[in-house]
Amino acid sequence: MALNIFYEGYSSVNGYQSYILNEIDKQVHFDGCVLTNQDCDGKDIYGEKYKCINYDICTNSRYELYYDMNDFLPLERDILEQMQPYESMAMKLLVRITEYDIFNYDEAKRLYLQNLRFWNHVFTTEKINFAFFSGIPHHTHDYVIYCLCKVKNIPICIITPTHMRNRWFVGTSLDTIGANTLKEYRRLLEANDEIVLPEDLEKYYNDFICRNKQTVSTVMDGLNKKAKIKSIVEINQGYVNNKKVFKRSLSRIKKGITSTSGSQERKVAFELLNKDFSYIKRTKKRIKGGKKPADYDKMAQNPVENEKYILFLLHLQPEATTLPQAEVFVEQDLPIRILARAVEGKGIKIYVKEHYVQPWRDKSFYSDLASIKNVVLIRSDVDSKSLVLNSVACSTCTGTVALEATANEIPVLLFSKGGFDDGPGMFYVSSVKECEEVLQRILNNEVIISKDEVRRYLQAFVNASVRHYSPHNKEISHEELLDSQKQLVGVIVSRINGGMS
């Protein structure tokens with residue numbers, strides 16, 4: 001059977017992406033490749049077998065600006081019904097266009113169907129039978145592509161970054177992204193060999209230990225908190241940034257004026273320009289009406305000494321860790337309400353703390369949480385490590401607090417699959433009853449977490465993950481980047497050949 005692949009890779013410089021694809025072609029030979037192109041410097045070279053689709057068109061759902069959608073296959077009942085379970089999440093992911101939920105239902109449904117029609121046509125006409133994603137599909141377009149692969153039984157390979165710098169999960173679906181880590185962890189428990197973690201993981205493990213006051217708090221990408229907050233705010237405000245608005249508008253005006261395809265294309269270009277102004281207005285209104293971290297701290301309080309509590313650290317949103325990885329628990333008040341009901345009559349509170357870089361929440365988010373019986377909002381300046389260390393248990397959807405907690409012998413109640421979810425003292429829960437059962441075991445001192453188990457779990461992650469570097473990372477050598485590319489090629493080729501099961 002002819003191999004035709006879909007490839008959504010990392011944004012590319014110095015021919016990074018075309019090198020990987022050419023190496024894959026040498027080893028398994030594919031007849032065609034459709035890719036969402038993110039060539040930052042024009043150095044990727046592709047031959048006739050490649051069909052490049054601009055990534056920005058996809059993320060902003062602007063297909064009609066460059067394609068005549070009347071030429072695309074219509075959506076038939078079978079595909080519409082098969083995709084129905086994923087429709088709600090795909091529509092919610094439209095928030096990634098502006099970072100704010102500004103679309104009404106009819107607009108969101110239309111944009112979802114447009115994405116579905118576009119990619120169903122591409123996958124059908126190009127006969128795609130393998131798909132690769134470098135990262136969690138967390139925009140409407142790549143989530144639709146991912147779900148199309150599921151309903152069409154197309155093999156998938158996903159690599160995604162973790163909070164361990166340059167170490168990436170490897171998997172075949174979102175809900176089994178940590179399956180290889182679990183398999184390796186079980187093997188290491190039986191083997192009982194001495195565990196010697198690599199230097200970077202040893203440091204990460206020591207950073208987890210709350211009693212170690214000498215550790216310096218860093219976050220993903222190696223940024224300190226101040227730099228990360230600045231970065232997130234810039235992203236959060238990006239859609240309404242005056243310079244970006246001007247650049248975007250100028251591009252669409254030029255597209256309309258210079259169009260050689262007739263009045264219809266010019267009409268579409270200017271219609272999209274008008275829509276953009278409308279979206280900007282809505283976004284600014286949402287920002288103005290939302291709640292900021294300062295509003296949260298006015299409602300929050302300090303911990304009560306000797307009070308028993310389960311700690312729930314809120315996720316940064318919108319982010320892939322909840323959207324889509326939290327699945328049905330993407331609205332974080334849902335797991336918090338389950339926990340609050342589960343602790344009734346046990347003398348335990350649910351301590352909820354805001355994420356330190358969250359720039360904005362919906363206007364009623366904090367007041368709704370504060371109104372839940374047994375829930376206490378904790379001030380954002382309270383040390384999270386101390387909160388972890390003094391808790392009865394921690395809870396999260398997919399957060400790395402799961403690793404931090406278990407490293408300190410604190411059990412974890414997990415509501416979703418995010419990769420780190422099968423370690424020692426971690427329990428996957430989804431109902432009040434399940435939470436009550438786990439909590440009873442914890443209160444009865446039946447959950448014992450050893451240092452050895454935690455270190456074996458981290459070693460399992462090392463063995464199951466891939467060492468991968470961003471082409472934009474200026475701290476690594478050419479040899480390290482080349483080795484990273486070769487590792488990635490090996491992972492993809494293995495999956496194409498039926499491995500990674």
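**Exercise 1. Arg167 and its surroundings**

Task: Determine whether Arg167 is buried or exposed, and describe the contacts of its side chain.

Solution.
Step 1. Arg167 has a relative accessibility of 9%; the limit for a buried residue is under 20%, so Arg167 counts as buried. The model in which this value was computed is a predicted one.
Step 2. In the chain, Arg167 belongs to strand 6, which covers residues 167-171.
Step 3. The side chains of Arg167 and Asp200 are joined by a polar contact of 2.8 Å.
Step 4. Arg167, Asp200 and Arg467 are also linked in a network of salt bridges.
Step 5. Leaving aside residues up to four places away in sequence, Arg167 touches a set of residues including Pro161, Pro198, Leu201, Phe461 and Val466. Asp200 and Arg467, the partners in the network, are likewise among the residues that Arg167 touches.

**Exercise 2. Three salt bridges compared by setting**

Task: The structure holds 21 salt bridges. For the pairs Lys26 and Glu23, Glu202 and Arg455, and Arg361 and Glu354, state the N to O distance and the exposure of each partner.

Solution.
Step 1. Lys26 and Glu23 meet through their side chains at 3.1 Å, N to O. Both residues lie in helix 1 (residues 16-28), three residues apart, about one turn of the helix. Lys26 has a relative accessible area of 64% and is exposed, whereas Glu23, with 18%, is buried.
Step 2. For Glu202 and Arg455, the N to O distance is 2.8 Å. This pair links distant parts of the chain, 253 residues apart: Glu202 is in helix 8 (residues 199-208) and Arg455 in helix 18 (residues 451-464). Glu202 is partly exposed at 24% relative accessibility, while Arg455 is buried at 14%.
Step 3. Between Arg361 and Glu354, the closest N and O atoms are 2.8 Å apart. Arg361 is buried at 3% relative accessibility, and Glu354 is buried at 4%.

**Exercise 3. The six-stranded sheet**

Task: Give the strand order of the open sheet of six strands, and explain why strand 9 and strand 12 each have one side without a neighbour in the sheet.

Solution.
Step 1. The order is 9-8-7-10-11-12, with parallel pairing.
Step 2. Strand 9 (375-378) and strand 12 (426-428) are at the edges and have a single partner strand each, so one side of each lacks a neighbour in the sheet.
Step 3. On average, neighbouring strands of this sheet are turned by 25° against each other, direction ignored.
Step 4. At one edge, strand 8 (residues 348-353) pairs with strand 9 in the parallel sense over four bridges. Lys353 stands opposite Ile378 of strand 9.
Step 5. Helix 13 (residues 333-342) lies across strands 7, 8, 9, 10 and 11, and runs at about 160° to strand 8.

**Exercise 4. The nonpolar cores**

Task: Which residues touch the most other members of the largest nonpolar core, and what does Ile336 touch?

Solution.
Step 1. The largest nonpolar core has 128 residues, of which Phe6, Met83, Trp119, Phe123, Ile336, Ile350 and Val352 touch the most other members.
Step 2. Not counting residues up to four places away in sequence, Ile336 touches Phe312, Leu314, Ile350, Val352, Leu369, Ile372 and Val375.
Step 3. There is also a second, separate core of 28 residues, with Ile20, Cys33, Cys157 and Leu481 among its members.

**Exercise 5. Backbone exceptions**

Task: Locate the cis peptide bond of Gln317 and Pro318 and that of Leu323 and Pro324, and the positive phi angles of Asn166 and Glu409.

Solution.
Step 1. As a reference, most residues other than glycine have a negative phi, and most peptide bonds are trans.
Step 2. The bond joining Gln317 and Pro318 is cis, with omega about 0°; the bond joining Leu323 and Pro324 is cis, with omega about 25°. Pro318 lies in the loop between strand 7 and helix 13, and Pro324 is placed in the loop between strand 7 and helix 13.
Step 3. Asn166, not a glycine, has a positive phi of about 70° and lies in the loop between strand 5 (156-161) and strand 6.
Step 4. Glu409, not a glycine, has a positive phi of about 65°. Glu409 is in the loop between helix 16 (401-407) and strand 11, and is exposed at 52% relative accessibility.

Technical notes. Residues are numbered from 1 along each chain as its sequence is written. This is a predicted model: local features need pLDDT of at least 70, side-chain atom pairs count only at pLDDT 80 or more; totals for chains, interfaces and linings use all residues. Side-chain values use heavy atoms; hydrogens and water are left out. A nonpolar core is a set of buried Ala, Val, Leu, Ile, Met, Phe, Trp, Tyr and Cys residues joined through side-chain atoms within 4.5 Å. Buried means under 20% relative accessible area, exposed over 50%, partly exposed in between (1.4 Å probe, protein chains only). Contact means heavy atoms within 4.5 Å. Helices (H or I, at least four residues) and strands (E, at least two) are DSSP runs, numbered from the N terminus. A polar contact is a pair of N or O atoms within 3.5 Å; within protein, one must be able to donate a hydrogen and the other to accept it, and residues adjacent in sequence count only if both atoms are side-chain atoms. A salt bridge is a side-chain nitrogen of Lys or Arg within 4 Å of a carboxyl oxygen of Asp or Glu. Two strands pair if DSSP finds at least two bridges between them. Axes are lines fitted to C-alpha atoms, for helices over the stretch in contact, and angles run from 0 to 180 degrees between N-to-C directions.
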